[in-house]
Amino acid sequence: MPVELKDLIAWVVLAVGVVGQFFHLKGRVALIEARQKDLRADLKESLEKIYKKLNHIDRKLDHKADK
């Protein structure tokens with residue numbers, strides 16, 4: 001079974017393409033993970049603000065109920 005030059009070139013190009021796609025997708029995943037960490041921090045901060053406001057409302061209601 002002889003291997004022609006065009007077949008060898010096709011396999012090399014295919015291998016280079018697969019490796020290129022792997023690193024491209026790996027980079028995109030890294031960017032998405034970084035954005036996810038930032039969004040998680042923002043969400044945590046927002047939830048803490050909501051929790052503080054709810055506690056404030058709860059304290060006001062308790063104060064009014066005590067009157």
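Hi everyone, this is a short tour of one predicted protein chain, from its overall form down to a few side chains.

Some housekeeping before we start. The model is predicted, so local features need pLDDT of at least 70 and side-chain atom pairs count only at pLDDT 80 or more, while totals for chains, interfaces and linings use all residues. Residues are numbered from 1 along each chain as its sequence is written, and side-chain values use heavy atoms, with hydrogens and water left out.

Let's begin with the fold. The protein chain has one helix and zero strands; helices (H or I, at least four residues) and strands (E, at least two) are DSSP runs, numbered from the N terminus. With a radius of gyration of 29 Å, well over the 11 Å that the globule rule gives for 67 residues, the protein chain is more spread out than a compact globule. That radius is taken over C-alpha atoms, and the globule rule is 2.2 Å times the number of residues to the power 0.38. The C-alpha trace spans about 95 × 20 × 10 Å along its principal axes.

How much of the protein chain counts as buried? The figure is 0% of the 67 residues, where buried means under 20% relative accessible area, exposed over 50%, and partly exposed in between (1.4 Å probe, protein chains only). About 6,900 Å² is exposed by the protein chain, and carbon and sulfur atoms supply 66% of it. Those areas come from the Shrake-Rupley method with a 1.4 Å probe; for residues, only the protein chains shown count as cover.

Now to helix α1, which covers residues 5-66 and includes V16. V16 is exposed, at a relative accessible area of 58%. V16 also helps make a nonpolar surface patch of about 700 Å², together with V3, L5, L8, I9, V12 and V13. Patches are made of residues with over 30% relative accessible area and no salt bridge, with like charges joined within 9 Å and nonpolar side chains (Val, Leu, Ile, Met, Phe, Trp, Tyr) within 5 Å.

Further along helix α1 we meet L39, exposed at 52% relative accessibility. From L39 to I50 is eleven residues in sequence and 16 Å in space, C-alpha to C-alpha. L43 is in helix α1 too, and at 51% it counts as exposed. L43 and R28 are 15 residues apart in sequence and 22 Å apart in space, C-alpha to C-alpha.

Which residue forms a salt bridge with K49? The partner is E45, the closest N and O atoms being 3.7 Å apart; the rule asks for a side-chain nitrogen of Lys or Arg within 4 Å of a carboxyl oxygen of Asp or Glu. The two residues are four apart in helix α1, about one turn, and E45 is partly exposed at 44%.

Thanks for listening!
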